[in-house]
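Reader: I should like to go through this structure by question and answer, beginning with its charged pairs and ending with its core.

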Amino acid sequence: MSTIIKNLRDKTKLEVTSLNVFKEFYGENEDILVKIHFGEPGNKTAFFPNDIEPIINALKSLGLKPTFIDTPVAYDSPRNTVAGYEKVVRDRGYDKLAPFIISDNFIEVKTKDLNAKVCKELTEAKNVLTISHVKGHECAGFGGAIKNFGMGGMLPDSKRSIHDLCKPVFTESTCTGCSTCARLCPAHAIEIVNMKAQVDLSKCWGCSICQINCPTHSLNPKVATFDDLLAQGAAACINNLPKNSYYLNFIQNITKCCDCESDSGEILAPDRGVLFSDNPIAIDQASIDIIGKEIFENSNHKDPTLQIKYAESYTKFTTDYQLENL
């Protein structure tokens, strides 16, 4: 059976439309965790409280008690500690909308290649609403609900493992020195020396873009591609969420780079609405279909549906959907 994805197209009526939609899915007078990425300090296209306020107001109108949640990041940022991230949340003004948790509690979930440390509070909640900002991503090509969990639902150790386990292993004998890898590497970690690729792993982000685009398959992942590992992390979270879990994808401020950057780069496409679903795989597929797959391929040199295909294989969800405009 196809997933019905609701497109809440008129943002001026987002609170009223959300309330009508949420009534079908959430009970009254219960706690609800709202999984969100709060954005790096300085980022002007990530969510701000005024973007999310209509959603929080709709939840409160049903008597629900929302609490925001996210996990610390693994890279150099004010958000890489609980205390530092808490300050960022307050500085961005989210504490005025609802209470929040920056969690370093976890349960361990074994996947094909990971011992994933999944945010414990998400697995223990009765209700979860995941709000994702749809945009490009330097490593994944595209970021939506899968990215929100594949990185954001896990602790820093697991995030680092994903980037490390996909770093390239180089086979010199098959390399022709075509320079495709050096040209496309977003970290500028590859150069061509004597007609052979030379990879500086200390600079490498672990994104698999070189591996996916190498015409001679001279670069291969240490364990698995970034997209595979990201999907494994997302599945470790999604498969352990409560039954009453739903997803919102905001197709707005569709930038080249992620909200993890202080500057997320150019706008790639116009705003297209807000999607609601009970299916994290289909909602990402619908988001890409609405924007155009080629937008992300041209910008970030990666098929944005790779992560979706892997996530579909690791969860009970499929990409089959019907879009209903509200």
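Author: A salt bridge here is a side-chain nitrogen of Lys or Arg within 4 Å of a carboxyl oxygen of Asp or Glu. The model is a predicted one.

Reader: Which side chain meets that of Asp164 in a salt bridge, and what is the N to O distance?

Author: Asp164 lies in helix α6 (residues 156-165), whereas its partner lies in the loop between β13 (219-221) and α9 (226-238), so the pair ties together parts that are 58 residues apart in sequence. Asp164 is partly exposed, with a relative accessible area of 33%. The partner is Lys222, and the N to O distance is 3.1 Å.

Reader: Is Lys6 buried or exposed?

Author: Lys6 forms a salt bridge with Glu324, the closest N and O atoms being 3.3 Å apart. The pair links distant parts of the chain, since Glu324 is in strand β18 (residues 321-325) and Lys6 is in strand β1 (residues 3-8), 318 residues apart. Glu324 has 31% relative accessibility and counts as partly exposed. The limit for a buried residue is under 20% relative accessible area; at 11%, Lys6 therefore counts as buried.

Reader: Which residue forms a salt bridge with Asp31?

Author: Asp31 belongs to strand β2 (residues 31-35), and its partner to strand β3 (residues 65-70), 34 residues along the chain. Asp31 counts as exposed at 53% relative accessibility. The N to O distance is 3.9 Å, and the partner is Lys65.

Reader: How many salt bridges does the count come to?

Author: Some salt bridges share partners, and these join Lys293, Glu297, Asp303 and Lys309 into one network. By the rule stated at the outset, the count comes to 16.

Reader: How many disulfides does a search of the whole structure find?

Author: A disulfide requires two cysteine sulfur atoms within 2.5 Å. For Cys139, which is buried with a relative accessible area of 5%, the nearest cysteine sulfur is that of Cys207, 5.0 Å away. For Cys258, buried with a relative accessible area of 1%, the nearest is that of Cys260, 3.5 Å away. Neither Cys139 nor Cys258 is in a disulfide, and the search of the whole structure finds zero.

Reader: Which are the edge strands of the open sheet of eight strands?

Author: The order of this open sheet is β4-β3-β2-β7-β14-β17-β1-β18, and its pairing is mixed. An edge strand pairs on one side only, and the two that do so are β4 (100-102) and β18.

Reader: By what angle are neighbouring strands of this sheet turned against each other on average, and what angle does the direction of α3 make with that of β4?

Author: With direction ignored, neighbouring strands of the sheet are turned by 25° on average. Helix α3 (residues 82-91) packs on the sheet and touches β3 and β4. The direction of α3 makes an angle with that of β4 of about 150°.

Reader: In which sense does β14 pair with β7, and in which with β17?

Author: Strand β14 (residues 244-251) has seven of its eight residues buried. With strand β7 (residues 127-133) there are seven bridges, and Leu129 stands opposite Tyr246 while Ile131 stands opposite Leu248. With strand β17 (residues 273-277) there are five bridges, and Asn249 stands opposite Leu275. The pairing with β7 is parallel; that with β17 is antiparallel.

Reader: Which residues touch the most other members of the largest nonpolar core?

Author: In soluble globular proteins, nonpolar side chains tend to be buried together. The largest core here has 53 residues, and its largest share, eight residues, comes from α9. Phe149 touches residues including Leu122, Met154, Ala234, Ile238 and Tyr247. Those that touch the most other members are Leu122, Phe149 and Phe226.

Reader: How many residues make up the other core that lies apart from it?

Author: Elements that each supply at least two residues to the largest core include β6 (115-119), α5 (145-150), β14 and α12 (306-314). Apart from that core lies another, with Ile52, Ile102, Phe250 and Val274 among its members. The number of residues in this other core is 33.

Technical notes
Residues are numbered from 1 along each chain as its sequence is written. This is a predicted model: local features need pLDDT of at least 70, side-chain atom pairs count only at pLDDT 80 or more; totals for chains, interfaces and linings use all residues. Side-chain values use heavy atoms; hydrogens and water are left out. Buried means under 20% relative accessible area, exposed over 50%, partly exposed in between (1.4 Å probe, protein chains only). Helices (H or I, at least four residues) and strands (E, at least two) are DSSP runs, numbered from the N terminus. Two strands pair if DSSP finds at least two bridges between them. Axes are lines fitted to C-alpha atoms, for helices over the stretch in contact, and angles run from 0 to 180 degrees between N-to-C directions. Contact means heavy atoms within 4.5 Å. A nonpolar core is a set of buried Ala, Val, Leu, Ile, Met, Phe, Trp, Tyr and Cys residues joined through side-chain atoms within 4.5 Å. Lists of a residue's contacts leave out its neighbours within four places in sequence.
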